[in-house]
Amino acid sequence: MLKDWKLHIIVLFFVLIGEVIGVKQFNLGVGTIALFPMLYVLLMGGIVSFPKLKLMNEVQMKRAAGILGISFLLFVAKLGSMLGPSLPKIFEAGVSLAVQEVGHVLGTIIIGLPIALLIGMKREAIGATFSIDREPNLAIISEKYGADSPEGRGALGVYICGTVFGAIYLAILAGFLGSLGIFHPISLAMGAGVGSGSMMAAASGALAVTFPNDAEDIALFAAAANLISTILGTYLCVFFSLPVTARLYEWLEPKIGRTRKEEAK
Amino acid sequence: MLEKMKVLVLIGIIAILGNWVGYGVAPVKALPGMILIVLFTVIGLGLNMLISKMPAVVWISLIALIATTPIFPGNEWIVAKTAEINFMALATPILAYAGLSLGKDLESFKKLGWRIVVISLVVYTGTFLFATLFAEIVFKLQGRF
């Protein structure tokens, strides 16, 4: 992984350009869109790795993905070092932290499943909406239904979408919702702890840009919420989310499901 | 493990440079904090190898958390040093690697139908929005904000 100097030089170059550009905010009238270095480097990387340009090969992309997994651990350690001195603050918000996790778990199903059925998805909807479909969730669904089942394909589809635009989408969503002034920055920070590393980083980054005075607390509570999602997520998924989504599907599908001859894609 | 440690050091160096350009923290000032962060990560990874029942992420968070709590000797120094590294500066190189790995998923992305793309947006919106909403309701009920 380390030998690929071209890869690391590109990253260093991107990071420096990104940090020089710095934070930019665009006012849309109703709210603002926050742009910041994390998003620039993600986009620049996406462009360079675009298959048609042939600047990078499959092996290098796989290497980059491997480094991503390891380097995220540093980010976790940094966030952990912010948790220690703030434990009293976190315990004070304990009830909110516990309840927000219920929101993370239910949030995908409550609006995801009905909309999936309304636009004509069949059993794919179960896999697509029972969770945010990151790696541990994919393992759960393929164990229960098989990776090539409709449920498995639904989960894999959302996984691919999440990889391609999840971080950017959540950053824009978080920054925009934050700028509306409806929610408190700490509530939004907890919302940002969705249980996926790059999405949490990007969403909490957007919030920190939107509320610069609360940047520390935002990182703190996003990290705490993300940790809860990571620890409880798998159990909740196996024992709650997946069975409940499957049941709800059986109940809702005859009511609002569309009849279509072709297989949902 | 050695390979992982080398990667951690490399990312640490890139992040220190980003932290310098973006947040004006001189590399010499940021170095002790970064060494500590790499150290927490390595200890967490080691524990994960010994007791693999908990994910590495949980071990690493736990180590970093304990080292910065008031019960740990020298915690004030550790907190001050790690605070020199801006969390955004550390996340930026990570997302650069994420970007550079995107190309491998673009082919499978192109094969997906529009429905799954729409639903993935709904799913991410739902999880973020409901968690935020639930947290906000509890804070409001407690009269916190």
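This report walks through a predicted model with two chains, A and B.

## Chain A at a glance

Let's start with chain A, which has 11 helices and two strands. If you follow the sequence, the order is α-β-β-α-α-α-α-α-α-α-α-α-α. The C-alpha atoms fill a box of roughly 55 × 50 × 40 Å along the principal axes. A compact globule with 265 residues would have a radius of gyration near 18 Å, and the 20 Å of chain A agrees with that.

Of the 265 residues in chain A, 57% count as buried. Take the contacts in chain A between residues at least 6 apart in sequence: 73% of them join residues at least 24 apart. The accessible surface of chain A is about 11000 Å², and carbon and sulfur atoms make up 68% of that. As for charge, chain A carries 20 positive and 18 negative charges, and the mean positions of the two groups are 8 Å apart.

## Chain B at a glance

Chain B has seven helices and zero strands, so to speak a plain run of α-α-α-α-α-α-α from the N terminus on. Its C-alpha trace spans about 55 × 50 × 40 Å along the principal axes. Here the globule rule doesn't fit so neatly: a compact globule of 145 residues would have a radius of gyration near 15 Å, but chain B has 20 Å.

Of the 145 residues in chain B, 54% count as buried. Among contacts in chain B with a separation of 6 or more, 56% come from residues 24 or more positions apart. The accessible surface of chain B is about 6400 Å², with 73% belonging to carbon and sulfur atoms. Chain B also has 11 positive and 6 negative side chains, and the centres of these two sets lie 5 Å apart.

## Rings that pair up

Now for the aromatic rings. Over all chains, the whole structure holds four aromatic pairs. One of them is formed by A:Phe165 and B:Phe109, and it is edge-to-face because the ring centres are 5.8 Å apart and the planes sit at 80°, an angle over the 60 degrees needed. This pair joins two chains, since A:Phe165 lies in helix H8 (residues 150–180) of chain A and B:Phe109 lies in helix H6 (residues 103–110) of chain B. A:Phe165 has a relative accessible area of 18%, so this residue is buried.

B:Phe130 and B:Phe134 make another edge-to-face pair, 6.1 Å centre to centre with 75° between the planes. These two residues are four apart in helix H7 (residues 114–141) of chain B, so about one helical turn separates B:Phe130 and B:Phe134. B:Phe130 counts as buried, with a relative accessibility of 16%. There is also a cluster, in which ring pairs link A:Phe72, A:Phe75 and B:Phe87.

## A buried Phe from chain B

Helix H7 of chain B also holds B:Phe128. This residue is buried, because its relative accessible area is 0%. What does B:Phe128 touch, leaving aside neighbours within four places in sequence? The contacts are A:Leu170, A:Leu173, A:Ala174, A:Leu177, A:Leu188, A:Gly191 and A:Ala192. Along the sequence, B:Phe128 and B:Leu141 are 13 residues apart, and in space their C-alpha atoms are 20 Å apart.

## The covered helix H9

Helix H9 (residues 185–192) of chain A is mostly covered, with eight of its eight residues buried. A:Leu188, A:Gly191 and A:Ala192 are among those buried residues, and these three also appear among the contacts of B:Phe128. What do the buried residues of H9(A) pack against? In chain A, the partners are helix H5 (94–118), H8, helix H10 (197–210) and helix H11 (215–256), and from chain B there is H7.

## A strand residue

Finally, have a look at A:Thr32 in strand E2 (residues 32–35) of chain A. Is A:Thr32 buried or exposed? A:Thr32 is buried, as its relative accessible area is 16%, under the 20% cut-off. Leaving aside neighbours within four places in sequence, A:Thr32 is in contact with A:Gln25, A:Phe26, A:Asn27, A:Gly175, A:Phe176 and A:Ser179.

Technical notes:
Residues numbered from 1 in each chain as written. Chains lettered and ligands numbered in written order. Predicted model: local features only at pLDDT ≥ 70, side-chain atom pairs only at ≥ 80, totals over all residues. Heavy atoms only, no water. Rg over C-alpha atoms; globule rule 2.2 N^0.38 Å. Buried < 20%, exposed > 50% of the residue type's maximum accessible area, 1.4 Å probe, protein only. Contact = heavy atoms within 4.5 Å. Areas by Shrake-Rupley, 256 points an atom, 1.4 Å probe, with all protein chains shown as cover. Lys, Arg positive; Asp, Glu negative; His and termini not counted. Charge placed at Lys NZ, Arg CZ, Asp CG, Glu CD. Phe/Tyr/Trp six-rings, centres within 6.5 Å; stacked < 30°, edge-to-face > 60°.
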